[in-house]
Amino acid sequence: MAVVRELVGAVERRPSPGWSDLQGDLLESVLVRLPVPDRLRLPAVCTAWRSAAAASAARVQAVDVPSPWLMLPFNQTARGQRRGAGDTFSKARFLSLSEGRTYDIPQPAPAVSDRLCVGSSPDGWLVTADAASELHLLNPLTGAQVQLPPPDTLPFVHASRDADGRVVNYSIRCCFDEDENGDDADMVVPPESFAPDRLRYELYEKAILVSAPRERHTGSWGGYTVMLICQPLSSLAIARAGDTRWTLLDTPSRRWVDTVCASLAAGAGGRQLVYAMDSAGRVDALDVDVTADATPTREAVAPACCCCCSGRACSMSGTCSRYLVELSPGRLLQVHRLREAAHARYRCEPRPERVEYTTVDAELFEWTDDDRWAQVDGNNAGVLGGRALFLGKNASLCVAVDGCRSELKGNCVYFTDDGPWSHDRCREVAQDVGVLDLADGSYRPPRGAASDLLWKWPPPIWVFPSCTD
């Protein structure tokens, strides 16, 4: 009995395991199921949880695309406030669709209230253009930031500087080749000048993150590659980590409208497949080396989509936008977003830059096994299979609506306004932001966003939040 009492006493004296003693794999399974704000709070519980969260953050992010947030415009009535650490304009405001609540998150300089978002990746990074039209990669949750090459390193952009080296204005000089009588001749469009803060509206169409930044032990950033669709001819340019200039890709006579990274991870040698679609609906596959300064190889995948949006619009019309989505590896979907001008029901027609557009329909075309674009049904058990589309300046995505995204509705198109943009339009015209239900054609603003969408700057964009740098 003495031996038994001694054993019982030893067991009673042994400290019971606490939350900090959870194994790493259990913590990781918990992290996967948490909404993003709770993932941010979890490392503050104890040092063990902080270490486990840091070790598993990249794997958790790779499991699935996080529940989307909507980056909201600023309340312009607060303009009188001083810019500073506690200022409204040093914080970005986000609406979590799954929770139906907003978060104000501090952001690094330059002021987020002066930035225009031209890209958003599933890895959680934004591509922003500041008041000088300089591009940055920004993780709005962690505050991590990477500066990209300046705009005047594009071959058709020229910067005029003062004696101190500050940019006074930019000019875009459009030049393209023509073949006359067997000789090559240049045709030049007269240059157009823009103030530094106005260039971003005219130059940047959409930016796509081909590979996300990785922080090195030295504190610098590497591993990233950005592809840019830029005017004046909707050209493709690329910049990798360490580049000081943008490299224009040789794609003559093609006006590109969207690109999307293949869902397969970068293969051996750091190569990533990227699908690019032009204004006619033709799709090419670009094999991009994200580690070396090499020109991507290009291969035709699909011809033009001749389904001209039920005859109501065409590929070059401002009332029709085209997006490319990868439903599953190698399975491509082309989305035609149809818009109508709100002034059509009024007698007085506003100036073109003041026209308000409203999304009225979306038509879907799938690339089939018999090598053609076929129009498909997007409602009920159609091609989306209960998933939701997210379209705009963000990477075009098809997102499942189960689990922590159960507040989203399947077979719907969640969209933000993506142009045509101008300084006046972005600040004075109501944005076309909402949810289109493909089952019944109904349209509504995102839940919880109606009052914030009364404001206009900056234009809202979908964000896929990530705690990983």
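This passage looks at a four-stranded sheet, one glutamine in it, and the nonpolar cores of a predicted model.

Start with the sheet. Its 4 strands line up in the order β17-β18-β19-β20, the pairing is antiparallel, and the sheet is open. Because β17 (256–261) and β20 (297–302) each have a single partner strand, they sit at the edges, and one side of each is left without a neighbour in the sheet. Going from one strand to the next, the twist averages 30°. As for the β17 and β18 pair, the two run antiparallel and are joined by 5 bridges. Within this part of the sheet, W256 stands opposite D278 in β18.

Strand β18 covers residues 271–278, and Q272 is found there. Is Q272 buried or exposed? With a relative accessible area of just 7%, Q272 counts as buried, since the cut-off for that label is under 20%. The Q272 side chain isn't left without a polar partner, though: it reaches the backbone oxygen of A262 at 3.2 Å.

Now for the cores. In soluble globular proteins, nonpolar side chains tend to be buried together. Here the largest nonpolar core has 34 residues, and the ones touching the most other members are L135, L137, L148, L154, L203 and W246. Take L148: once neighbours within four places in sequence are set aside, L148 is in contact with V127, L135, L137, Y224, V226 and W246. There's also a second, separate core, made up of 18 residues, with L72, A388, V435 and W462 among them.

Terms used:
Residues numbered from 1 in each chain as written. Predicted model: local features only at pLDDT ≥ 70, side-chain atom pairs only at ≥ 80, totals over all residues. Heavy atoms only, no water. Buried < 20%, exposed > 50% of the residue type's maximum accessible area, 1.4 Å probe, protein only. Polar contact = N/O pair within 3.5 Å; in protein donor to acceptor, adjacent residues only side chain to side chain. Pairing = 2+ DSSP bridges. Axes fitted to C-alpha atoms, helices over the stretch in contact; angles between N-to-C directions. Core = buried A, V, L, I, M, F, W, Y, C linked by side-chain atoms within 4.5 Å. Contact = heavy atoms within 4.5 Å.
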